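Please open the model in a viewer and set the representation to cartoon. The tour below proceeds by selection, from the whole chain to single residues.

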Amino acid sequence: MANQEEKKRRKAIVERIAREEQTAAEAALPISKPDLKALFDYVDQQLEQNGCDHTLKAARFFLVQRKLPEEVIVEWLREAGGGCDCEVIANVEGTWGEIVGSV
Ligand SMILES: [Zn+2]
């Protein structure tokens, strides 16, 4: 049976690993956090007006307008579960929204 000290020690390890994973994931972001937040805001607004046509039309438009590396970021969005604009909001913002401060 784990005593209190052991439980505390394990909890600290789990928390450290979670922090390290988040830091690594943030370091691998191909887009700055303010840009990512602005992307979520823009895509969200476009979806409200036009709905999703099952492409990354709004996300790509945003990236091109800001002169960001479109293909690299689209690839990252897809890997994060964002295959189209509504999935960007549902999946990518679901994961990253809190970190970039958009929710
Ligand atoms: Zn969609």
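The right-handed crossing of H2 past H3 is the point at which to begin. The coordinates under inspection are those of a predicted model.

**Stop 1: H2 and H3**

Select residues 33-50 for helix H2 and residues 57-65 for helix H3. The two axes lie 9 Å apart, and the helices pack at an angle of about 135°. H2 is therefore oblique to H3. To see the contact itself, display the side chains of Leu39, Tyr42, Val43 and Gln46 in H2, which meet Ala58, Ala59 and Phe62 in H3.

**Stop 2: the whole chain**

Now zoom out and select everything. The protein contains 5 helices and 0 strands, so that a cartoon coloured by element should read α-α-α-α-α from the N terminus on. Aligned on the principal axes, the C-alpha atoms fill a box of roughly 55 × 25 × 20 Å. The radius of gyration is 17 Å, whereas a compact globule of 103 residues would have a value near 13 Å. Of these 103 residues, 21% count as buried. Among contacts with a separation of 6 or more, 57% join residues 24 or more positions apart.

**Stop 3: H1**

Select residues 4-27, which form helix H1. How far does H1 reach from its first C-alpha to its last? The span is 35 Å over 24 residues, close to the 34 Å expected at 1.5 Å a residue. H1 is hardly covered, and the count of buried residues in this helix is 0.

Within H1, pick Ala24. Ala24 is exposed because 9 other C-beta atoms lie within 10 Å, and a residue counts as exposed at 12 or fewer. For a distance label, join the C-alpha atoms of Ala24 and Glu75: the two residues are 51 residues apart in sequence and 18 Å apart in space.

**Stop 4: H2 and H5**

Keep H2 in view and add helix H5, residues 85-100. These two helices pack at an angle of about 145°, with their axes 10 Å apart. The crossing of H2 and H5 is left-handed, whereas H2 passes H3 in a right-handed crossing.

The residues to display at this contact are as follows:

- On the H2 side: Lys33, Leu36, Lys37, Phe40, Val43, Asp44, Gln46 and Leu47.
- On the H5 side: Asp85, Cys86, Val88, Ile89, Glu93, Trp96, Gly97 and Val100.

Val43 and Gln46 of H2 appear here and also in the contact with H3.

**Stop 5: Val88**

Centre the view on Val88, found in H5. Is Val88 buried or exposed? Val88 is buried because 27 other C-beta atoms lie within 10 Å, and the threshold for burial is 20 or more. Leaving aside neighbours within four places in sequence, Val88 is in contact with Val43, Ala59, Leu77, Gly82 and Glu93. A C-alpha distance label from Val88 to Asp44 should read 9.0 Å, although the two are 44 residues apart along the chain.

**Stop 6: H3 and H4**

Return to H3 and add helix H4, residues 70-79. The axes of H3 and H4 come within 10 Å and cross at roughly 145°. This crossing is right-handed. Ala59, Arg60, Leu63 and Val64 of H3 make the contact with Glu70, Ile73, Val74 and Leu77 of H4. Two of the residues seen here, Ala59 and Leu77, were already met as contacts of Val88.

**Stop 7: two loop residues with positive phi**

Select His54, placed in the loop between H2 and H3. Its phi is near 65°, a positive value in a residue other than glycine. His54 is exposed, with 11 other C-beta atoms within 10 Å. From the C-alpha atom of His54 to that of Glu71, 17 residues apart along the chain, the separation is 17 Å.

Finally, select Lys67 in the loop between H3 and H4. Lys67 is not a glycine either, yet its phi is positive at about 55°. Lys67 is exposed, with 7 other C-beta atoms within 10 Å.

Notes: Residues numbered from 1 in each chain as written. Predicted model: local features only at pLDDT ≥ 70, side-chain atom pairs only at ≥ 80, totals over all residues. Helix = DSSP H or I, 4+ residues; strand = E, 2+ residues; numbered from the N terminus. Expected span 1.5 Å × (residues − 1). Rg over C-alpha atoms; globule rule 2.2 N^0.38 Å. Contact = placed C-beta atoms within 7 Å. Axes fitted to C-alpha atoms, helices over the stretch in contact; angles between N-to-C directions. Parallel < 35°, antiparallel > 145°, perpendicular 65-115°, else oblique. Left-handed = near helix turned anticlockwise from the far one by under 90°.
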